[in-house]
Amino acid sequence: MTTLFDTRQQQRAERHPEKQKRPDTPVLRKPEWIRVKAPAGGVFSETRKVVRENNLVTVCEEAGCPNIAECWAQKHATFMIMGDTCTRACSFCNVKTGMPAPLDIDEPRRVAEATATMGLQHVVITSVDRDDLADGGAEHFAQTIRAIRQLNPNTTIEILTPDFLRKPGAAEIVIDARPDVFNHNLETVPRLYLSIRPGARYYHSLRLLERVKERDPSQFTKSGIMVGLGETKEEVMQVMDDMRSAGIDFLTIGQYLQPTRKHAAVDRFVTPDEFKGYETIARAKGFLMVSASPLTRSSYHAGEDFARLRDAREAALKAGRKARSAAS
C-alpha cells in the first residue's frame with residue numbers, strides 16, 4: 001500500500017532528481033519566531049484564482065515561501081516567468097530542477113493582464129535560471145517589462161533576475177528595458193558558494209549589479225542574502241561592504257529555511273535581535289533601505305519598501321544639495 005510518506009518521497013525525487021543520492025540532512029526544530037499561519041480562503045483564494053486563470057507560475061509556491069498566506073491575502077504575488085523548471089541545482093532552493101520547456105511567447109501579455117486584474121501598484125517579476133537559452137531569457141524579461149508598462153503605465157516594476165553567467169550582452173538587454181528596481185541575490189557569503197550556489201560565481205553576481213548602476217544610475221539596485229547556513233558575522237559584514245562598493249541601494253537579509261532533507265541543512269536559527277543588529281550595521285554602511293528579519297524574502301513587502309526606497313533617495317539627494325550649497 002502506498003503511504004503519504006511514499007508519495008512525498010516520490011514527489012521530492014521528481015522535483016529534485018539530482019539530489020536523491022545525497023544523504024539526508026538533519027532538520028532543526030523551528031523556533032517560535034519563525035512559524036507562520038497556513039494559507040486560508042478569502043482574498044488568498046482570489047489571488048490564487050487570478051494566478052491559475054492566467055496560467056502563471058509564482059515563486060511564492062515554487063520556492064515554498066513562508067510568507068505566502070500574508071502576501072496573497074493582500075493580493076501580492078511574485079510572478080516567476082520562463083517556466084517552473086530551473087537549469088541550476090542550488091542546494092538551498094526548492095524550485096524544480098531539469099530541462100525547461102520552450103519559452104511561452106504569450107506569457108508577457110498574461111503577466112501584464114494579471115497585474116491589471118490584481119490592481120498591483122508594484123509588481124515583482126522573477127524567473128528560473130535558463131542556461132539553455134542563448135541570452136539566458138533576457139529578451140523575455142524585457143518583453144514582460146514592456147507588456148506591463150503598456151497595460152499598467154502607473155505600476156512600478158521590480159525584477160529579480162538570474163546571473164546571466166556566460167551570456168554576453170544579456171544583462172544590458174534587461175537594463176535597457178528600464179525596470180524601476182533591478183534585483184539579483186548574492187544569496188550567501190563567498191566561502192559557501194561551492195556548496196550552496198555551485199553554478200554561480202560571487203564576483204560575477206556582484207559585477208552584474210554594478211553594471212546596472214554604470215549603465216543606468218536611475219535604476220535602484222537590490223540584493224539579498226540568507227543567514228543560518230554557517231556564515232560568520234564578519235563574512236556578512238564583508239558582503240555588505242562589497243555590495244556598497246558596487247553601489248547597491250537595498251539589502252535584504254532573511255533566515256534560510258530547509259525545503260527537504262536532501263537540501264542544505266540549517267546550521268542555526270538566527271535570532272530576531274541578531275537581525276536587528278545586522279540592520280543597524282547595514283544602515284550605517286550607507287544602504288538606502290535594509291530589510292532584515294527571520295521571514296524577510298526578496299519580494300516581501302516589496303511595494304511598501306519601494307516607496308520608502310524612493311523617499312530615502314530623495315532625502316539623500318536633498319541633503320547632498322544642501323551640503324554643497326552650504327560649502328559654496
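**Tyrosines**

I looked up Tyr-193 and Tyr-202 first in this predicted model. Both Tyr-193 and Tyr-202 are buried. I then checked their rings against each other: the centres lie 5.6 Å apart and the planes stand at 90°, so I entered the pair as edge-to-face. Next I took Tyr-202 with Tyr-203, which is also an edge-to-face pair, with 4.9 Å centre to centre and 90° between the planes. Ring pairs thus link Tyr-193, Tyr-202 and Tyr-203 into a cluster. My count of aromatic pairs comes to three.

I asked whether Tyr-203 is buried or exposed. Its relative accessibility is 57%, and because the cut-off for exposed is over 50%, Tyr-203 counts as exposed. For Tyr-202 I noted a relative accessible area of 5%, so it falls under the 20% limit for buried.

**Charges over rings**

I looked for charged ends over aromatic faces and noted two cases, Arg-313 and Arg-244. The charged end of Arg-313 sits over the ring of Phe-220, at 3.7 Å from its centre. Arg-244 lies over the face of Phe-287, with 5.4 Å to the ring centre.

**Strand β7**

Phe-220 led me to β7, which covers residues 220-227. I checked burial along the strand: eight of the eight residues are buried, so β7 is largely enclosed by the rest of the structure. I then sorted its side chains by direction. Phe-220, Lys-222, Gly-224 and Met-226 point one way, while Thr-221, Ser-223, Ile-225 and Val-227 point the other way.

Which strands pair with β7 was my next look-up. β6 pairs with β7 in the parallel sense over three bridges, and there Asn-183 has Lys-222 of β7 as its bridge partner. β8 also runs parallel to β7, joined by six bridges. In that pairing I found Gly-224 opposite Thr-252 of β8.

**Strand β1**

I moved to β1, residues 78-81. Thr-78 and Met-80 point one way and Phe-79 and Ile-81 the other, and all of them are buried. β1 pairs with β4 (residues 122-127) in the parallel sense, over four bridges. Ile-81 stands opposite Ser-127 in β4.

**Nonpolar cores**

I listed the largest nonpolar core next, which has 81 residues. Phe-79, Ile-125, Met-240, Met-243 and Ile-253 have the most contacts inside it. Helix α6 (residues 138-151) gives the most to this core, with six residues.

What does Met-240 touch, leaving out residues up to four places away in sequence? I noted Leu-251, Ile-253, Tyr-278, Ile-281, Ala-282, Lys-285 and Phe-287. Phe-287 is also the ring under Arg-244 in my entry above.

Apart from the 81-residue core I found another core, of six residues, including Val-181, Phe-220, Phe-306 and Leu-309. For background I wrote down that nonpolar side chains tend to be buried together in soluble globular proteins.

**Helix α12**

Phe-306 and Leu-309 took me to α12. This helix spans residues 302-327, 26 residues in total. I checked its reach: 37 Å from the first C-alpha to the last, close to the 38 Å expected at 1.5 Å a residue. Its buried residues are Ala-302, Asp-305, Phe-306, Leu-309 and Gly-320.

I then looked up what covers those buried residues of α12. The cover includes β4, β5 (156-160), β6 (181-183), β7, β8 (250-255) and β9 (289-292).

Conventions:
Residues numbered from 1 in each chain as written. Predicted model: local features only at pLDDT ≥ 70, side-chain atom pairs only at ≥ 80, totals over all residues. Heavy atoms only, no water. Buried < 20%, exposed > 50% of the residue type's maximum accessible area, 1.4 Å probe, protein only. Helix = DSSP H or I, 4+ residues; strand = E, 2+ residues; numbered from the N terminus. Pairing = 2+ DSSP bridges. Expected span 1.5 Å × (residues − 1). Contact = heavy atoms within 4.5 Å. Phe/Tyr/Trp six-rings, centres within 6.5 Å; stacked < 30°, edge-to-face > 60°. Lys NZ or Arg CZ within 6 Å of the ring centre and 35° of its normal. Core = buried A, V, L, I, M, F, W, Y, C linked by side-chain atoms within 4.5 Å.
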